[in-house]
Amino acid sequence: MKILSIESSCDETAAAVVENGRKILSSVVASQVEEHKLYGGVVPEIASRRHCEAINGVVTKALDDASLGLRELDAIAVTYAPGLIGALLVGVNFAKGLSMAAGLPLVPVHHLRSHIASNYIAHPDLEPPFLCLVVSGGHSHIVEVKDYTEMMVIGKTRDDAAGEAFDKAARTMGMPYPGGIHLDKVAEQGDPLSFTLPRPKVDGAPYDFSFSGLKTAVINLIHNAAQKGETLPVADLSASFRKAVVDSLTEKFISAADDLGYKKLVLAGGVSANSLLRRTIREECGKNGRLCYYPPLELCGDNGAMVGAQGYYEFLAGNIASMDLNARATMTIE
Ligand code: KG4
Ligand code: ZN
C-alpha cells in the first residue's frame with residue numbers, strides 16, 4: 001500500500017511516499033529555519049505563508065521522486081494536530097483537496113504518533129508494545145505504545161518541553177535558532193561537572209518532568225556574570241546543562257520501564273537527535289538486556305515519511321477522515 005503523506009505542523013513543509021508503513025519511496029523536506037532564525041524562533045504567520053508557497057512544489061517533487069502519479073496511490077495521510085494552527089491548516093486543506101480530486105481516502109495523523117513511527121521505518125523488526133520517550137520542541141512525554149494506534153501517556157513535562165529548554169538556554173548563550181543542535185555540539189567540548197544545576201522532581205508524579213527551573217538557573221548564571229562584566233565558559237555550561245536535561249529524562253524513562261516491565265525502549269522527536277541522550281539510553285539499555293531504538297538523524301526532526309509510516313497503521317485501524325477534518329493546535333496523543 002502506497003501512501004502520500006504531508007506534514008506542515010511547524011516550520012518544515014514536507015511530503016513523502018511510503019510503502020506499507022516501513023519503506024520510503026521518496027521524501028522531500030523544505031525547511032524555513034533560515035528565515036525564522038532572523039527572529040530567534042518560529043514566527044507563526046511567516047510559517048503559514050511559507051507553507052502555502054512551498055506545498056505544491058514539495059508534494060509534486062515527492063510524487064516525481066517516487067515516479068508515481070496520484071492514481072497509483074492508495075491513500076493520503078496528513079498531520080492534523082498538534083502544532084501551529086495556521087501551519088497545520090495549509091497541509092490539511094491541501095490534503096483534503098487532493099483526496100477529493102483523486103478519490104483517495106484521507107488519513108489524519110497525530111504529529112507525536114508520527115515521530116514515534118519514524119522508528120518503524122528505521123527498524124523493520126520494531127513492533128509494539130514498547131515504552132517511548134517522545135521529546136520534541138513542544139512536548140516531552142513518556143508513552144506506553146501498547147499497539148500502533150493505542151497509546152497511554154504516563155509522564156509529561158509540567159512546564160517547558162525538553163527542546164524548548166535546549167533552545168532557550170542556547171539562545172541565552174548566543175547560539176542561533178534552533179539552538180538545541182548547536183548546544184549539543186558545543187557541549188561535546190565541555191566539562192559536564194563544571195556547573196551544579198538542579199534536577200527537578202515533581203512531587204507525587206515520578207515520571208513527570210520539569211525543565212523551567214533548570215532553564216532559569218542557566219539564564220540567571222549568564223545574566224549575573226554579564227552584570228559583573230564576566231563571561232562564562234560556554235562549552236562547560238552547555239555540557240552541564242545538557243547533562244542535567246539528559247539525566248532527568250533518563251532517570252524517569254528508565255524507572256518507568258523498570259516499574260512497568262518494558263524491555264523495548266524507543267526514543268522519538270527532534271531531541272532524540274541529542275548525542276548524549278542517545279549514548280546514555282543505549283548504555284542504560286545495554287546494562288540490563290533491554291533493547292534500545294532511536295531514529296537515524298534525518299528522521300528525528302519533522303519529515304513527511306514518518307507521517308506516511310503512522311498513516312499506514314491509522315488506515316489499517318480504520319481511521320479515515322471525512323471532508324470536515326479540521327486542524328487542531330492541541331490534542332492528546334491518546
Ligand atoms: O520534533 P521537532 O523537529 O519539532 C517539534 O515537533 O517540535 O523538534 C525540534 C526540537 C527543537 O527544540 C530542537 O532544538 C531540538 O528538537 N533538537 C535538539 C537536537 N536537535 C534538535 N535538541 C538537543 N540536541 C539536539 N542534537
Ligand atoms: Zn515534531
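Below, a colleague and a modeller talk through this structure.

Colleague: Before we start, what kind of model is this?

Modeller: Residues are numbered from 1 along each chain as its sequence is written, chains are lettered from A and ligands numbered from 1 in the order in which they are written, and side-chain values use heavy atoms, with hydrogens and water left out. Local features need pLDDT of at least 70, side-chain atom pairs count only at pLDDT 80 or more, and totals for chains, interfaces and linings use all residues, since this is a model of the following kind: predicted.

Colleague: Thanks! Which residues are the protein donors of the zinc ion (ligand 2)?

Modeller: Donors here are N, O and S atoms within 2.8 Å of the metal (3.2 Å for Na, K and Ca); water is not among the atoms, so sites may look incomplete. Along the chain, the donors of this zinc ion follow the spacing H-x3-H-x186-D. Lying 2.0 to 2.1 Å from the ion, through NE2, NE2 and OD in that order, are H111, H115 and D302.

Colleague: What separates H111 and H115 within helix α4?

Modeller: Helices (H or I, at least four residues) and strands (E, at least two) are DSSP runs, numbered from the N terminus. Helix α4 covers residues 111-122, and H111 and H115 are 4 residues apart in it, which means a separation of about one helical turn.

Colleague: Is H115 buried or exposed?

Modeller: Buried means under 20% relative accessible area, exposed over 50%, and partly exposed in between (1.4 Å probe, protein chains only). The relative accessible area of H115 is 1%, so this residue is buried.

Colleague: Which side chain makes a polar contact with the side chain of H115?

Modeller: A polar contact is a pair of N or O atoms within 3.5 Å; within protein, one must be able to donate a hydrogen and the other to accept it, and residues adjacent in sequence count only if both atoms are side-chain atoms. A polar atom of the H115 side chain lies 3.5 Å from a backbone atom, the oxygen of C300. The side-chain partner, at 3.0 Å, is also a zinc donor: D302.

Colleague: How much of ligand 1 does the protein bury?

Modeller: An N or O atom in the side chain of H115 is 2.9 Å from an oxygen atom of ligand 1, while D184 has a polar side-chain atom 2.9 Å from a nitrogen atom of the ligand. N274 likewise places a polar side-chain atom 2.9 Å from a ligand nitrogen. Taken alone, ligand 1 exposes 550 Å² (Shrake-Rupley method with a 1.4 Å probe; for residues, only the protein chains shown count as cover). Of that area, the protein buries 86%.

Colleague: Which elements give two or more residues to the shell around ligand 1?

Modeller: A residue is near a molecule or strand if one of its heavy atoms lies within 4 Å of it. Around ligand 1 there are 19 residues, of which H115, G137, D167, D184 and G270 come nearest. The elements giving two or more residues to the shell are α4, α5 and α6 (179-187).

Colleague: On to the interior: which element gives the most to the largest nonpolar core?

Modeller: A nonpolar core is a set of buried Ala, Val, Leu, Ile, Met, Phe, Trp, Tyr and Cys residues joined through side-chain atoms within 4.5 Å. The largest one has 40 residues, with L133, I142, F241 and L249 making the most contacts inside it. The elements that give two or more residues to it include β6 (130-135), α7 (212-227) and β9 (264-268). With 10 residues, the top contributor is α8.

Colleague: Which residues does L214 touch, leaving out those up to four places away in sequence?

Modeller: L214 lies in helix α7 and is buried, with a relative accessible area of 1%. Contact means heavy atoms within 4.5 Å. With the sequence neighbours left out, L214 touches L197, P198, F241, A244 and V245.

Colleague: What is omega for the cis peptide bond from Y177 to P178?

Modeller: P178 lies in the loop between α5 and α6. Another cis bond joins P128 and P129, with omega about 5°. For the bond from Y177 to P178, omega is near -10°.

Colleague: Last one: what is phi of S67?

Modeller: S67 is found in the loop between α2 (44-65) and β4 (75-81), and S67 is exposed, with a relative accessible area of 62%. Its phi is positive although S67 is not a glycine, with a value near 55°.
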